[in-house]
Amino acid sequence: MIGGDVTLALTPLLPAALLAVLAAAALGVLIVVWWRRAPGALWRTLAIAGGLAALLNPTVVIEQRRPLSDVALVVIDESRSQTIGERRAQVEAAVEHLRAQFKQQRDLEVREVRAAASAEGTRLFEAIERALADLPRDRIAGVALITDGQVHDVPADVARANLRGPVHALLTGKREERDRRLIVDQAPRYGIVGKPLTLTLRIDDGTPAAAGGPRELARVDIRRDGGEPQTVRLPVGEPQPLEFTLEHGGETVFEMQVEPGTGELTYENNRAVVIINGVRDRLRVLLVTGEPHAGERTWRSLLKSDPAVDLVHFTILRPPEAQDFTPVNELSLIAFPVRELFEEKLNEFDLIIFDRYRRRDVLASVYLENIVRYVRGGGALLVAAGPNYGAPGNLFNSPLGQILPAAPMPGDVDQGFKPLVTDIGRRHPVTADIPGAEAKDPPWGRWFRLVASQARRGNVLMDGPDGLPLLLLDRVGDGRVAQFMSDHIWLWARGYERGGPQAELLRRIAHWLMKEPQLEEEDLKAAVKGARIEIVRRTLADRPGEVTVTRPDGSIETLALETGRGGRWTANLEAREPGLYHFTDGARVALAAVGALNPIEMADVRATEERLKPVVVASSGRIQWLVDGLPDVRRVSPGGDAGGRSPSGRNWIGFRANHDYIVTGVTQFPLLPGIAVFLLALGMLVLAWRREGR
């Protein structure tokens, strides 16, 4: 190197190996000449050195260079935590100040990047990589981060992060801020309905709890599926397990909110939302068949085909009044465990089915009264009536008559007919979407028996000739009752006249009885679909009311519902911001979560330097709190400032002056022209010959 743009280069005329051989041979000759003190040794040495120098062909290279400007990057944190207090004003003041400072610097290009938070939090270093991806390292002057310090993609291994230039952190907010937040330390994603689960909460005030001192308690309100809040008091700073049980299958939304503390920055992280999916354990079903008949296998096959159903089935083959003189010790029949089933273990069953049952002194009235209490307390009962429903000793004339929706009438139908879905049935989720439900002549087979009855209460979803009820559903207390006024559904199972949707119909009836949320006839649901929320109001009424929505920011608006099929009324809402949306029609509540339920961005909003400190120190940058003043900008050499010190100082931050350039042209000329070297070497040899001639 001769100068900044002038260099000396060697371009040998011969291969390097051959030059090495020649140099070694010449050195050997010169050693012998000097050892013998031969006359003219000096001139021979000069001649050989000149020849070798000529073979090396030294060349002067002159470059035409165009200097390149350095690039300084300013990354502006625009996450939600930057809207707290005066942080937004601090950000804009810092940006304007840096712009003015950069204008005073020569050969410096400035890039600004505004980075918003994502579902993974504030990711400023990803923004740095994207903004500088097209630049070589030698053009990067440095990076300035304007943030509150809550950055969630700080490199874990700073040594391997390959940071480009000094990284300076200009921090918004204030030192030692306080903020109360509610943290979900542990929450299950799934749970079994009716089984205890544990949810662990922790209230963090940013200060450690005093050892041995009195514990501060804070009030926490817990809402389940938008219902009335349940209040508990939890100690601050300590994880606290809470036990609860799921009441239904599907999603259960828990909203929790802790009361404000002192010096709160925001109330957003005082709330937490947890969604737990409820699944049912094996369902216990008790099926009692009053007498063997062709449809008995239909019920048994349907229930046994479901691996989630634990079926207990009894068929009464020999009633107590039977007088066939068979000795008891010769009977192979299993005794009906009446007391065990209907007194001791009755509440363990999820569903009780009576199939063509009639009273024949098998079940005493006290056991039937137990079933009535079981249903009113939340149990489920399904009665499939046979030709004996209107006969003396039927179930309607027992204590069960209090909860059965259909009263028997004389005049059963014993002719072919097609079951039809009623107007209410076309809106009820149990029968609304069954194939053929909308048709006046459904594409399914006929039945040949309908027990005449009169609907006393409940909803008639299917009927037969002369409008006689066929399928009735009713709510009794906290429980539910379904009644089939025919025992011929087995004809569909056998495929008679193309059969019918018996499996789907019976499955829906059983799930409705066990309070499956998707089959509620009066319901309000909200589901996130892309950038919108679909609201579905299901009702048996002719017209539902309006739905009120509360957005995550607290704003309230009213939505009008549009008519749909199958008792559904719908509306759509644009989801402009992430968070939890509340929908209500005055009686029901639906929730929809857009984005992260508990965003990491708002988990901790206190300004801090701890997250960025390893990166700033490793890159020889500086942390500057904006409350202490706005820093000046200086240019420093790649190794530090002019005095070799750190590229930052009190109230100023440094950006490297790399002096990078591109070469636009090159001029080359040999330093030892061949003819001149040849004549010089020849002259040296002549002088050596004359010296030897003396």
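**Exercise 1. Is R219 buried, partly exposed or exposed, and what is the relative accessible area of R219?**

Before we start, a word on the model: this is a predicted model, in which local features need pLDDT of at least 70 and side-chain atom pairs count only at pLDDT 80 or more, while totals for chains, interfaces and linings use all residues. Residues are numbered from 1 along each chain as its sequence is written, and side-chain values use heavy atoms, with hydrogens and water left out.

*Solution.*
- Step 1: recall the classes: buried means under 20% relative accessible area, exposed over 50%, and partly exposed in between (1.4 Å probe, protein chains only).
- Step 2: R219 has a relative accessible area of 32%, so R219 is partly exposed.
- Step 3: look at the partner, D221, which is partly exposed too, at 23%.
- Step 4: the two side chains meet in a salt bridge, 3.7 Å from N to O. The term stands for a side-chain nitrogen of Lys or Arg within 4 Å of a carboxyl oxygen of Asp or Glu.

**Exercise 2. Place the salt bridge of R508 in its helix.**

*Solution.*
- Step 1: find the partner: R508 pairs with E504, with 2.7 Å between the closest N and O atoms.
- Step 2: both residues belong to helix α9 (residues 502-513) and sit 4 residues apart, about one turn of the helix. Helices here are DSSP runs (H or I, at least four residues), numbered from the N terminus.
- Step 3: compare exposure: R508 is buried at 11%, whereas E504 is partly exposed at 28%.
- Step 4: elsewhere, salt bridges with shared partners link E109, R111, D134 and R139 into one network.
- Step 5: for the wider picture, the structure holds 46 salt bridges.

**Exercise 3. Describe the largest cavity and its lining.**

*Solution.*
- Step 1: a cavity is a set of points, on a 1 Å grid over the protein atoms alone, where a 1.4 Å probe fits but cannot get out; lining residues have an atom within 4 Å of a point.
- Step 2: searching the whole structure gives 1 cavity of 30 Å³ or more.
- Step 3: the largest cavity holds about 40 Å³ of space, a volume being the space filled by probe spheres set on the points, which are joined across faces, edges and corners.
- Step 4: its lining includes F354, R356, Y357 and N388.
- Step 5: sort the lining residues: 7 are nonpolar, 2 polar and 1 charged. Ala, Val, Leu, Ile, Met, Phe, Trp, Tyr, Cys and Pro count as nonpolar, Asp, Glu, Lys and Arg as charged, and the others, Gly among them, as polar.

How values were computed: On a 1 Å grid over the protein atoms alone, a cavity is a set of points where a 1.4 Å probe fits but cannot get out, and a pocket is an open set with protein on both sides within 12 Å along at least five of seven lines; lining residues have an atom within 4 Å of a point. Helices (H or I, at least four residues) and strands (E, at least two) are DSSP runs, numbered from the N terminus.
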